[in-house]
Amino acid sequence: MRVPAPDPRAVREASLDELSRLGLPLPPPQFPLVWEPGDEIELRPTAELEARIAVLHLILARCFGMPAQAAMSWLLESHLVDTVTPPEWQFVVGGKGDHRSFVLHHDALFSLAWVLGLAKELDPTVPVDERLVERMPNFVGGETYPQWRARILAAPQHPADAAALLDLHYCLDWAYLESERTGRPLPGLVDANAIGQRRWALEWAVVLRGPYHDEPPGWEEVDLST
């Protein structure tokens, strides 16, 4: 569902108010907006979001002991191999790559779960909900991908709400990195790495349409440099 984007300045004002409430530093006045007036927004298709969640959950399972053969078999049976990125595939097959970076995807998974309505809130001060695993595919129990999709009954967020949370995390990402750089205390138990992962997922999930936006990036192509 593509809808008109909300007023980016009003959304930014709300984001900055939230940063102030949390006692975080505010980005400079020239900090760019995420979208422009007149742009449109939509979420990626539900099936694409579900596939990405399943892949990330499987990679986390590999991080914590799932055998490579079992992981590959589940991906093949689920017809998800084409949705796995090259770095992810190397890790699934041979354990190659930065193990820690894949573990950090736990927060990206949490963010995507919120987008699909599988998590109630995405509070920047609170770690990943421990009950999230109950909403993920049960590999140990032999749950198939179709069975999982039927069980969760995804109810995606409204694109405008997801876009507003993206703007907030764009600002939070800057504020948390600045706080860690200057030794300023953070407002909760979540660090800059976790905020960056949540932003990554939102940047990927929320599709912005307008004259200044490129085609939606692939998972590994999401740009967090600004």
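Helices in this tour are DSSP runs of H or I, at least four residues long, numbered from the N terminus. The model on screen is predicted.

**Helix α1.** Select residues 8–21, the 14 residues of α1. At 1.5 Å a residue the helix should span 20 Å, and its end C-alpha atoms are 20 Å apart, so the expected and modelled spans agree.

**The two ends of α1.** Add D7, which caps the N-terminal end of the helix. One of its side-chain oxygens lies 3.0 Å from the backbone nitrogen of R9. Then move to G23, which follows α1 and has a positive phi, near 75°.

**The buried side.** Next, highlight P8, V11, R12, S15 and L19, which are buried in α1. They lie on the same side of the helix because they cover an arc of only 100° around the axis. In an α-helix there are 3.6 residues a turn, so residues three or four places apart point the same way. Now show residues 159–182: this is α7, which is included in what covers the buried residues of α1.

**The opposite face.** Rotate the view to the face of α1 turned away from its buried side, where the exposed residues R9, E13 and R21 are found.

**E221.** Finally, select E221, in the segment after β3 (206–209). Is this residue buried or exposed? Its relative accessible area is 58%, and because exposed means over 50%, E221 counts as exposed. Display G218 as well: the side chain of E221 reaches the backbone nitrogen of G218 at 2.7 Å. For a distance across the model, pick M136, which is 85 residues from E221 in sequence and 25 Å from it in space, C-alpha to C-alpha.

Technical notes
Residues numbered from 1 in each chain as written. Predicted model: local features only at pLDDT ≥ 70, side-chain atom pairs only at ≥ 80, totals over all residues. Heavy atoms only, no water. Helix = DSSP H or I, 4+ residues; strand = E, 2+ residues; numbered from the N terminus. Buried < 20%, exposed > 50% of the residue type's maximum accessible area, 1.4 Å probe, protein only. Polar contact = N/O pair within 3.5 Å; in protein donor to acceptor, adjacent residues only side chain to side chain. Expected span 1.5 Å × (residues − 1). Arc of directions from axis to C-beta. Contact = heavy atoms within 4.5 Å.
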